[in-house]
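Colleague: I have some labels to check with you. Tell me what stands behind each one.

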Amino acid sequence: MPRTVGTGMQTAPLAVDASNILTEKVAPFFAMASSMLLQLPLAFRAGIKALSNPSREDMVAALGELTGQFAVQDMRKRMLLHRTGRRILRDRPLINTGTVSLDKLRALPKNTLGRAYVNFLDVECVSPDTRTPVRHMPDASEELNLEEEIAVKWFELAQTGLPVALLSGVLGPLRLNAADRNLLLTEHIPWLVQCGANCEFLMNVYYEEIFEDDISEVRRRLGIFLPKGFVPQDATIKD
């Protein structure tokens, strides 16, 4: 007998099509699973090429896109729940040499976020238009940059949950010497994971609007703390 629903005066049959419900609930799951299975070989191939040659930015980007779908969806939800995050999703702002004057940032007081940002670009020899270095770095600097890149991946993982950040954070230290790897594992990673997990979600920060703010105040507002004895790069800026 069919199930019935009371209407007060009478009862009416409740038609239930089990096959339709099964299709509606299960079909999207199988479609998603099939898509993921098709992408696994591509992700594996991109991961191998990215690890063997980190300068292959196309492979790094492909790996991130192929493995980070769920993390990206979660980040978007977190932005939609935040007032500034919703503005950023709507405005889609870009920081590059066409939208931000680096010369104006260089003219800011040395304690501001904007000055610290442009100082970082100058010291690391990069541009907001590309992460590709404009000149080759000495071997010692390359080793240091690699350690910094790996450390940042752990902060990125705590903030975003992106699988590509986990992959880089786990396998990256294998390329370091024993002393640098020990420093990374015992000091830098614990600090950055704790910091990334407890500070504000940085995707919800409209950086262009706070370039003129004191960088120490920005850190305080966002909940970013520095370990004892750590000297940030902005502390070495000279007028």
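Colleague: Why is Glu-148 called partly exposed?
Modeller: This is a predicted model, and the label follows from a computed value. Glu-148 has 34% relative accessibility. Buried would need under 20%, exposed over 50%. The value lies in between, so Glu-148 counts as partly exposed. Glu-148 sits in helix 7. Its C-alpha is 9.1 Å from that of His-188, with the two positions 40 residues apart in sequence.

Colleague: What makes Arg-87 and Glu-209 a salt bridge?
Modeller: The N to O distance is 2.5 Å. The cut-off is within 4 Å, so the pair qualifies. Arg-87 belongs to helix 4, while Glu-209 is in the loop between helix 9 (178-198) and helix 10 (215-222). They are 122 residues apart, so the pair links distant parts of the chain. Both residues are partly exposed: Arg-87 at 26%, Glu-209 at 47%.

Colleague: How do you know that Asp-103 and Arg-106 meet in a salt bridge?
Modeller: Their N to O distance is 3.1 Å. That is within 4 Å, so the rule is met. Both lie in helix 5, 3 residues apart, about one turn of the helix. An α-helix has 3.6 residues a turn, so residues three or four places apart point the same way.

Colleague: Which label does each of the two get, buried, partly exposed or exposed?
Modeller: Asp-103 has 57% relative accessibility; that is over 50%, so Asp-103 is exposed. Arg-106 has 35%, which means partly exposed.

Colleague: What about Arg-219 and Asp-234: how far apart are the closest N and O atoms?
Modeller: They are 2.5 Å apart, so this pair is a salt bridge too. Arg-219 is in helix 10 and Asp-234 in the segment after helix 10, 15 residues apart.

Colleague: Why are Arg-219 and Asp-234 called buried?
Modeller: Arg-219 has a relative accessible area of 16%. Asp-234 also has 16%. Buried means under 20%, so both qualify. Elsewhere, salt bridges with shared partners join Asp-103, Arg-106 and Asp-122 into one network. The count by this rule is 8 salt bridges.

Colleague: How do you know that Cys-195 is in no disulfide?
Modeller: The count of disulfides is 0. For Cys-195, the nearest cysteine sulfur is that of Cys-199, 5.0 Å away. A disulfide needs sulfur atoms within 2.5 Å, so Cys-195 fails the test. Cys-195 has 1% relative accessibility and therefore counts as buried.

Colleague: And what makes Cys-125 buried?
Modeller: Its relative accessible area is 9%, which is under 20%, so Cys-125 is buried. Cys-125 lies in the loop between helix 6 (113-124) and helix 7 (139-160). Its phi is positive, about 60°, although Cys-125 is not a glycine.

Colleague: Where does Arg-92 lie, and is it buried or exposed?
Modeller: Arg-92 is in the loop between helix 4 (83-91) and helix 5 (102-106). It has 69% relative accessibility, over 50%, so it counts as exposed. Phi of Arg-92 is also positive, near 50°.

Colleague: Why are the buried residues of helix 3 placed on the same side?
Modeller: The buried residues of helix 3 are Ala-71, Met-75 and Met-79. They cover an arc of only 80° around the axis, so they share one side of helix 3.

Notes: Residues numbered from 1 in each chain as written. Predicted model: local features only at pLDDT ≥ 70, side-chain atom pairs only at ≥ 80, totals over all residues. Heavy atoms only, no water. Buried < 20%, exposed > 50% of the residue type's maximum accessible area, 1.4 Å probe, protein only. Helix = DSSP H or I, 4+ residues; strand = E, 2+ residues; numbered from the N terminus. Arc of directions from axis to C-beta. Salt bridge = Lys/Arg side-chain N within 4 Å of Asp/Glu carboxyl O.
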